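I opened this entry to work through the strands, helices and nonpolar interior one after another, and to write down what I looked up at each step.

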Amino acid sequence: MATTSTTHQQLYEQRLASALARAKSARERPTTLLAREFFAEGGAGGANRYAGDGWRSLPRRLQNLAASLRDPASLAQGGEAVDGDDARVRLAAAVFFRAPPSFLDDFRQLFEALLKARQRQWSRENAEESMDVDDEEGGEGEALLLAEEGRLNQSLATLGWVSSGQLRRPFREALHAVTMAAIQEKVAGDFEAEGLLDSVLEWKNAVLLPWASNLVGSEAFAKDRWEAQLEYVASECFVHVRMKELFDLVTEYPDSLPAVRELTVALDRTGRLCYQSLANEWRNALKARLLHPGAETTQIIEVYINTIKVLREMDPSGELLEVVSQPVREYLKGRSDTIRCIITSLTDEENGGDLYEELRRQDAKPLEEAQLDEEDDEEPPTFDWEPPPSILKRRGVITGQVGRVTSSSRRTGDILSMLVGIWGSKDLFVNEYKIMLADKLLSNLEYDTDKEVHNLELLKLRFGEEAMRQCEVMIKDIDDSKRIQTNIHSTLGAAGSEVPVVDAALVSHIFWPALQSVEFENHPRLQSKLDEFSAEYTRLKAPRKLVWMKQLGTVELEVEAYEHDEDGQLVSHVKEVSCTPAHATLLAHFEDKSEWTSAELSTKTVMPEDMVRKRMLFWTNQRVVHAKRSHDDTVYSLISASEADANDQSFQHEDEDQEQAVSHGAHEEQERKVYESYIIGMLSNLGQLPLERIHSMLKTFVAGSDHKYDKTPQQLAVFLQQLCKEEKLECSHGMYSILKKRS
């Protein structure tokens, strides 16, 4: 055992001695000594001396290091033979092994300083201040750096650190940082100038290309295809600068068209990777700056239309548009006023903008045709006809899918069909237009329908004549009303009675949307005028008779009110006021009695008391009636001068009551009753039915009625649950049936 232990101890000592000898030999190698000297580890100050010099001393120290490689034999140890390549590898290994963490970052700073100095020198020579990267002049330090550049390039070429890849990361980082700053200075915020991308590429050829060629070496420059790499870097930086301005690029279109086209060229040079980044950046910009409650719906629609135009210019395949616009489409679909804003823009000449012009396009097609694929289009050929590009050339810019076929609407820029496509049905737009048309026609006191006829004819070209049939009837009703009213006025005038004061719009209620329905009793003097008009109409159109919508219309009155004159004194004068029939009825009662309580007016007019107080605010603010509180009631009286002055101190803001002729709530209630009647009927005949079957049958049977069924299964489920709460239906295990009353 003792002999074995001694043998192991000797073996251990031999190996330890051999390892110590190798360590000593490594420390004494010429390459190790050169690395120590390079980092000044053995001198006074140690590592701090290197840290103090930083990147500025690199050219001098690299020159000293490269000088040692001119005599490879001096780097040999123990008489071994060392060639130039072996010596270069050993020296690089020794230096990078002892390099501090900031070593590569120092090279990045050195390369950045050199490239910026080249940039400023080129700018001064070409008087091109717009491409300046830094406003500060380098001074003597910059001049010294440029003077050392030639020797630095020679030293790096001798060491082979750039061509072999050791300094590839700091070299590329410096190249990208300076290029990005230069392009940012040149193109940021400028969307209208043309040739910006060409000027960037010229700058690349004048500054980047010679600098990189000198630093890398002509052989490695050609081998690694650095010219193509530099063009990619310049194009990529150009794209990244524009990525930060995508939202502004869209909002300023078409003024930004030159910038859009140059961005497209730069994207084509960078490939699909940049397209994907662009799509993500664009979506995020739209979500952050547009899709929030603070943005108006009309503004969102305008930006969406510009986005369509810009992306069609950049990507005819439509793939980029599909990815970018998806959040906008979903957000618009969730806003309740989107369809109304679209219809308003289509028909409003003053504020319609792009959509107003879109409706009047000469090449516009019906929506059904505009939504067909381009392969299904059958257009007659013309002398300018060109065959479509090969299917192999139609490639998605993001997925790279070959044979990507665009739809006709995207190819021709049919923006209206794309907006309608958000909901997938034109019926919602037609119904909304009917409601808006009813409001316009009933508020048109002159019976002038020329503008509405023009808009209707244009809408018929896009939405189809069948869909607009009821709108034609509505306009015809107004035209007929003007003719019938003229006949009635002439007859009444010839009879020797007073000058007729009633103008009426006669509507066929079957073809009109649900109108406002609020019942009250007109003042007898007002009602007598209406009855006189009704009687004459019945005589002309027997056996037809009129049913007045009392809450609708406008009454023009002459009232005595108090207002301030030029001297600030309250004076009484007669003025004309336009109000609703309800307002006129309330005021007419003050000709019978000068003072009324709100309860008395409510009894006389069969109008809710809170509605009376609300409407009397109008006359109070007009300084025609004075209001005062008396116990739990409000007393109204015709105003005097002293009371008018008191009214100034207690002016009350009227709850604006601009009543529309068509009530959205009434229209929805009418639809609800239609759906309810169908559901009750089918459950009475067929017994229990599941949700899916009810949904399917409603789509089939309601399709032929005036009320289109366009609800989703989820919306139908909510409606059925409401009928269950009203104790009209019952639901058991997903099956709906008529609720059977238990006696």
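Before looking at strand pairing I noted the rule that two strands pair if DSSP finds at least two bridges between them. The model I am reading is a predicted one.

**Entry 1, the three-stranded sheet.** I looked up β3 together with β5 (residues 633-638) and found them paired in the antiparallel sense over three bridges, with E595 standing opposite S637 in β5. The sheet they belong to is open, has three strands in the order β3-β5-β4, and pairs in the antiparallel sense. Its edge strands are β3 (595-597) and β4 (625-630), each of which pairs on one side only. Ignoring direction, I noted an average turn of 25 degrees between neighbouring strands of this sheet.

**Entry 2, helices against that sheet.** I then asked which strands helix α27 lies across. Helix α27 (residues 598-605) lies across β3 and β5, and runs at about 85 degrees to β3. Helix α28 (residues 609-621) also packs on the sheet, where it touches β4 and β5, and its direction makes about 35 degrees with that of β5. For α28 I recorded 13 residues and a reach of 19 Å from first C-alpha to last, which is close to the 18 Å expected at 1.5 Å a residue. The buried residues in α28 include V612, M616, F618 and W619, and just after this helix R623 takes a positive phi of about 60 degrees.

**Entry 3, the hairpin.** Next I turned to β7 (residues 729-732), which four bridges join to β8 in an antiparallel pairing; here E730 stands opposite S737 in β8. Two residues lie between the strands of this hairpin, and H733 takes a positive phi near 55 degrees. On β8 (residues 735-738) I also found two bridges to β6 (residues 689-690), again antiparallel, and the bridge partner of P690 is M735.

**Entry 4, helix α11.** Helix α11 (residues 226-243) has 18 residues and reaches 25 Å between its end C-alphas, close to the 26 Å expected at 1.5 Å a residue. Among its buried residues I listed W226, L230, F238 and M243. The buried residues of α11 pack against several helices, including α8 (168-187), α9 (196-216) and α14 (272-289).

**Entry 5, nonpolar cores.** Which residues have the most contacts inside the largest nonpolar core? That core has 82 residues, and those with the most contacts inside it are W282, M314 and F463. Its largest share, nine residues, comes from helix α15 (residues 297-314). Leaving aside neighbours within four places in sequence, F463 is in contact with residues that include L367, L416, F429 and M468. Apart from this core lies another, of 47 residues, with L34, L62, F171 and W211 among them.

**Entry 6, aromatic pairs.** With ring centres required to lie within 6.5 Å, I counted 16 aromatic pairs. The rings of F96 and F103 have centres 5.6 Å apart and planes at 70 degrees, so I entered the pair as edge-to-face. F96 counts as partly exposed at 24% relative accessibility, whereas F103 is buried at 1%. The rings of F111 and F171, with centres 5.9 Å apart and planes at 85 degrees, also make an edge-to-face pair. F111 lies in helix α6 (residues 103-126) and F171 in helix α8, so this pair ties together parts 60 residues apart in sequence. I closed with one aromatic cluster, whose members include F96, F103, F111, F171, W211 and W226.

Conventions: Residues numbered from 1 in each chain as written. Predicted model: local features only at pLDDT ≥ 70, side-chain atom pairs only at ≥ 80, totals over all residues. Heavy atoms only, no water. Expected span 1.5 Å × (residues − 1). Buried < 20%, exposed > 50% of the residue type's maximum accessible area, 1.4 Å probe, protein only. Contact = heavy atoms within 4.5 Å. Axes fitted to C-alpha atoms, helices over the stretch in contact; angles between N-to-C directions. Core = buried A, V, L, I, M, F, W, Y, C linked by side-chain atoms within 4.5 Å. Phe/Tyr/Trp six-rings, centres within 6.5 Å; stacked < 30°, edge-to-face > 60°.
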